[in-house]
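This report describes the helices of one protein chain and how they pack. The sequence and the structure come first.

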Amino acid sequence: CRFWCPTMGNAELLSFIGVASSVFGNIIATLGLNFQRRAHLQIQQRVRQEGEMGKRVSFVKHPVWLTGLALNIFGNIFDAVALAFLPQSVAAPLKTATQITSNPLLAKAFNKERLTQLELFATVKVVAGAVLVVAFSDQDEDQDNSVEELKENFIRPVFIVYGIALGGSIVFVTILVKGLQSGIKITQ
């Protein structure tokens, strides 16, 4: 590094590597999701053209969908690498901000989706929230918990309530989606 970043110290270099890895990985992962969305749109259009309404079609054999999956996996590997260089209190909001800002742009470019003023406003709010989280979060990287401390945290009432609420929400949304999907058919 002494040739290309002489003014950068070791800690700053590691942070830079973490931020770059996270941003790059999340843009690639978001690109992958947009490839998968594109495959869904292509298959939906083909089904409409061939008059096969209501027919189940597999996405997993579609080359564009598989490319999207590969990009998503590849991008998430870079995002995981970022955790070696950044505290999670920085990496998580950075991931959110990167995905929230890159997805509307990529969706517009790849899938011809419109970005409304409300979505733009919401994107700005999420990025502002991510900046605030990073600015005011505990960024102490030496805050390692022992196994005993983790066990104690898992039996705290606040964590138990959180786990039950999260699990209940997952079950509720799953049932809701399954119920909605049963009544959805592709129509012209």
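## Helix α3

The model is predicted. Helix α3 covers residues 88-111, which makes 24 residues. From its first C-alpha to its last, α3 reaches 32 Å, close to the 34 Å expected at 1.5 Å a residue.

α3 has a kink of about 30° at N103. The proline P104 follows shortly after this position. P104 is also one of the buried residues of α3. The others on that list are V90, A91, P93, L94, A97, T98, S102, L106, A107 and N111.

## The loop after α3 and the partner α4

K112 belongs to the loop that lies between α3 and α4, the latter being residues 117-136. Its phi is positive, about 55°, although K112 is not a glycine. The relative accessible area of K112 is 69%. Exposed means over 50%, so K112 counts as exposed.

On the two sides of this loop, α3 and α4 have axes that come within 9 Å and cross at roughly 165°. Angles over 145 degrees count as roughly antiparallel, and α3 and α4 are therefore roughly antiparallel to each other. The crossing in which α3 passes α4 is left-handed.

## Helix α1 and its contact with α2

Helix α1 takes in residues 10-49. Its 40 residues should span 58 Å at 1.5 Å a residue, and the end C-alpha atoms of α1 are 58 Å apart, so the two values agree. After α1 comes G51, with a positive phi near 70°.

α1 packs against helix α2, residues 63-82, at an angle of about 165°. The axes of α1 and α2 are 7 Å apart. By the same kind of reasoning, with a cut-off of 145 degrees, α1 and α2 are therefore roughly antiparallel to each other. α1 passes α2 in a crossing that is left-handed. The residues of this contact divide into 15 nonpolar, 14 polar and two charged.

## The chain as a whole

The protein chain has six helices and zero strands. Read from the N terminus, its elements run α-α-α-α-α-α. The chain holds 188 residues, of which 21% count as buried.

Notes:
Residues are numbered from 1 along each chain as its sequence is written. This is a predicted model: local features need pLDDT of at least 70, side-chain atom pairs count only at pLDDT 80 or more; totals for chains, interfaces and linings use all residues. Side-chain values use heavy atoms; hydrogens and water are left out. Axes are lines fitted to C-alpha atoms, for helices over the stretch in contact, and angles run from 0 to 180 degrees between N-to-C directions. Helices (H or I, at least four residues) and strands (E, at least two) are DSSP runs, numbered from the N terminus. Angles under 35 degrees count as roughly parallel, over 145 as roughly antiparallel, 65 to 115 as roughly perpendicular and the rest as oblique. A crossing is left-handed if the near helix is turned anticlockwise from the far one by less than a right angle, and right-handed if clockwise. Ala, Val, Leu, Ile, Met, Phe, Trp, Tyr, Cys and Pro count as nonpolar, Asp, Glu, Lys and Arg as charged, and the others, Gly among them, as polar. The expected span of a helix is 1.5 Å times one less than its number of residues. The bend at a residue is the angle between axes fitted to the seven residues ending there and the seven starting there. Buried means under 20% relative accessible area, exposed over 50%, partly exposed in between (1.4 Å probe, protein chains only).
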